[in-house]
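User: I'd like to learn how to read the features of a protein model. Could you take me through one, step by step?

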Amino acid sequence: MKNNYLGIKQYIGFINLEKLKIVSILIILFCVPPYFFVAFDFDSLAPGLIVSSFVISLILWKEIKNLSVIDVFIIASIILLLICDSLISLFFFGYKKPILSTIFIVPFICSILISKVLCRSSTVNVISSLNVLCFAVLILGFLSIIFPFSPGNYGALEKDVFPFYEQSHYALALGILAFPVVLTSSGLYSLFLIIMIFSLGLLFPNLTMIVFAIALTPIALARYGSKIYYSLILLLFLVILLIVLTYSDKLDYFLERINFLESENLTALVYLQGWQLLIESFKDSNGVGIGFQMLGSNIAPNVPATDVIQALYGKSFNLEDGGFLAAKLISEFGIFGILLVTSFVLLVIVFYIKVTKIYLIWYRHPELLISVASIVGFLVELMLRGVGYFSPSLIWFISMVFYFFYSRGRVNYHE
């Protein structure tokens, strides 16, 4: 079956204004926040993300007139919920960070505008733009190994990948960009990308990158049908198991990061701390949650992993973001956070089980493949390694949710 949208030839076509616009938006979204974070020595990605969101919104200001009544209602509801929750934290606990963080509405509105412009753009240009940035970011990773470039404040960092603060932040950007590219590209090019990402994971080394490469592999196999898909997935599992058993003595870097019980590794301890924080916060708040942006405040619980980290490293790490987004969501929003996280994880599981059927059904609608792949790719940031709410990947995820529903509505209309 031939598809006019998919394949590497679509990615090397001529540059046009629409493609240039989309690439520019992607660069501003994914590269400006981490650069601001390092260059100006900020405490979080929030200032850079706010700046990039303002710039993107100015570029897309004409899209504001295309906001529907539902869009406006969603924006108003988010504003109201954030303000109400923040005022409670301010008046009852004297904590100002939540009310200041309501500026998150700016990136949120920006995400809707991005989805609008993608809907109005050629799908070929959207795919091509994603591929251009994905490949460019991939090159940055290899350049950081071959020709290290650490200008200004980057010189004080140990594992930076310019313009990203660290390899894990780089992995989050590359990984979520790679998902739609792999699902909408030719089988050979998808394999090339996965091998390159896996190679970077070994060369850095970086566990988040390895996880992305493994998660991308079933996506690449979706085009080959159910029988081949499940056979190759089983083969992949056996190969990974064989590698771990055979070379366990040479995989210390990765194994110590998944040994949460006796490890003194910071990554493992931070991840364990995230789980302890969400459990204790849920208990202390009776399932309601401690409130928006209250993780890391004086009402957040103290957990054993935090004490171990402070004893070993002399300071605390990732108390405000929880180490991964699910920890922050559940700690701050309680049962509602659990429902969000559980629902999303179940949707991802269903996607992987039915990905061959999804690919077959939406084969002629690559805009749906782009959006759903990006949404699924967010699972790594949700459950493994996150940077909080002010994350470029989260804004891209929200954009893709809106893009999916807008595109799905158009597909239903034409069909």
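Analyst: Happy to. Let's begin with one side chain: Trp 275 has a relative accessibility of 34%, so it counts as partly exposed, a class that runs from 20% to 50%. Please keep in mind that this is a predicted model.

User: Which residue forms an aromatic pair with Trp 275?

Analyst: First, the general idea. A pair of aromatic rings is described by the distance of the centres and the angle of the planes. I'll start with a clear-cut example and then come to your tryptophan. By the rule used here, the count comes to 26 aromatic pairs. In one of them, Tyr 154 and Phe 162, the ring centres are 5.0 Å apart and the planes meet at 65°; edge-to-face applies to angles over 60 degrees, so this pair is edge-to-face. Tyr 154 is buried, at 2% relative accessible area, whereas Phe 162 is partly exposed at 25%. As for Trp 275, its partner is Phe 324: the centres are 5.4 Å apart with 45° between the planes, and the pair is tilted.

User: Where in the chain do Trp 275 and Phe 324 lie?

Analyst: This pair links distant parts of the chain, with the two positions 49 residues apart in numbering. Trp 275 belongs to helix α12 (residues 266–284), and Phe 324 to the loop between α13 (304–313) and α14 (325–361). Phe 324 has a relative accessibility of 0%, so it is buried.

User: Which residues do ring pairs link into a cluster?

Analyst: The cluster consists of Tyr 35, Phe 36, Phe 40, Phe 42, Phe 149, Tyr 154 and Phe 162. You have already met two members, Tyr 154 and Phe 162, as the edge-to-face pair. Rings can have charged neighbours too: Lys 116 lies over the face of Tyr 406, 4.2 Å from the ring centre.

User: Now for empty space. How many cavities of 30 Å³ or more does a search of the whole structure find?

Analyst: The search finds 2. When reading a cavity, look at its volume, then its lining, then the elements that supply the lining. The largest cavity holds about 110 Å³ of space. Its lining is made up of Phe 30, Pro 34, Leu 45, Phe 164, His 169, Leu 172, Ala 173, Val 387, Ser 391, Pro 392 and Ser 393. Two or more of these residues come from each of α1 (17–39), α7 (167–184) and α17 (392–414), and α7 gives the most, with 3. By residue class, the lining has 8 nonpolar, 3 polar and no charged residues.

User: What lines the second largest cavity?

Analyst: Here the lining is Ile 22, Ile 25, Leu 26, Ile 114, Val 117, Leu 118 and Trp 396, around a volume of about 30 Å³. At least two lining residues come from each of α1 and α5 (105–120). The tally is 7 nonpolar, no polar and no charged.

User: And a pocket? How many residues line the second largest pocket?

Analyst: A pocket is open, while a cavity is a space from which the probe cannot get out. The second largest pocket has about 1600 Å³ of space. It is lined by 50 residues, and those closest to its centre are Leu 329, Phe 336, Leu 340, Phe 397 and Ile 398. Helices α3 (69–93), α14, α15 (366–377) and α17 each supply at least two lining residues; the largest share, 16 residues, comes from α14. The lining divides into 40 nonpolar, 6 polar and 4 charged residues.

User: As a biochemist I always check cysteines. How many disulfides are found?

Analyst: The search of the whole structure gives 0. Two cysteines to look at are Cys 110, buried at 0% relative accessible area, and Cys 134, buried at 1%.

User: One last topic: how do I read a contact between positions apart in sequence?

Analyst: Compare separation along the chain with distance in space. Pro 98 sits in helix α4 (residues 97–101) and is buried, at 0% relative accessibility. Pro 98 and Leu 82 are 16 residues apart in sequence, with their C-alpha atoms 8.1 Å apart. A second example is Ala 76 in helix α3, partly exposed at 43%. Ala 76 and Ile 105 are 29 residues apart in sequence and 9.5 Å apart from C-alpha to C-alpha.

Key: Residues are numbered from 1 along each chain as its sequence is written. This is a predicted model: local features need pLDDT of at least 70, side-chain atom pairs count only at pLDDT 80 or more; totals for chains, interfaces and linings use all residues. Side-chain values use heavy atoms; hydrogens and water are left out. On a 1 Å grid over the protein atoms alone, a cavity is a set of points where a 1.4 Å probe fits but cannot get out, and a pocket is an open set with protein on both sides within 12 Å along at least five of seven lines; lining residues have an atom within 4 Å of a point. Grid points are joined across faces, edges and corners, and a volume is the space filled by probe spheres set on the points. Helices (H or I, at least four residues) and strands (E, at least two) are DSSP runs, numbered from the N terminus. Ala, Val, Leu, Ile, Met, Phe, Trp, Tyr, Cys and Pro count as nonpolar, Asp, Glu, Lys and Arg as charged, and the others, Gly among them, as polar. Rings of Phe, Tyr and Trp (its six-membered ring) pair if their centres lie within 6.5 Å; planes under 30 degrees apart count as stacked, over 60 as edge-to-face and the rest as tilted. Buried means under 20% relative accessible area, exposed over 50%, partly exposed in between (1.4 Å probe, protein chains only). A charge sits over a ring if NZ of Lys or CZ of Arg is within 6 Å of the ring centre and within 35 degrees of the ring normal. A disulfide is a pair of cysteine sulfur atoms within 2.5 Å.
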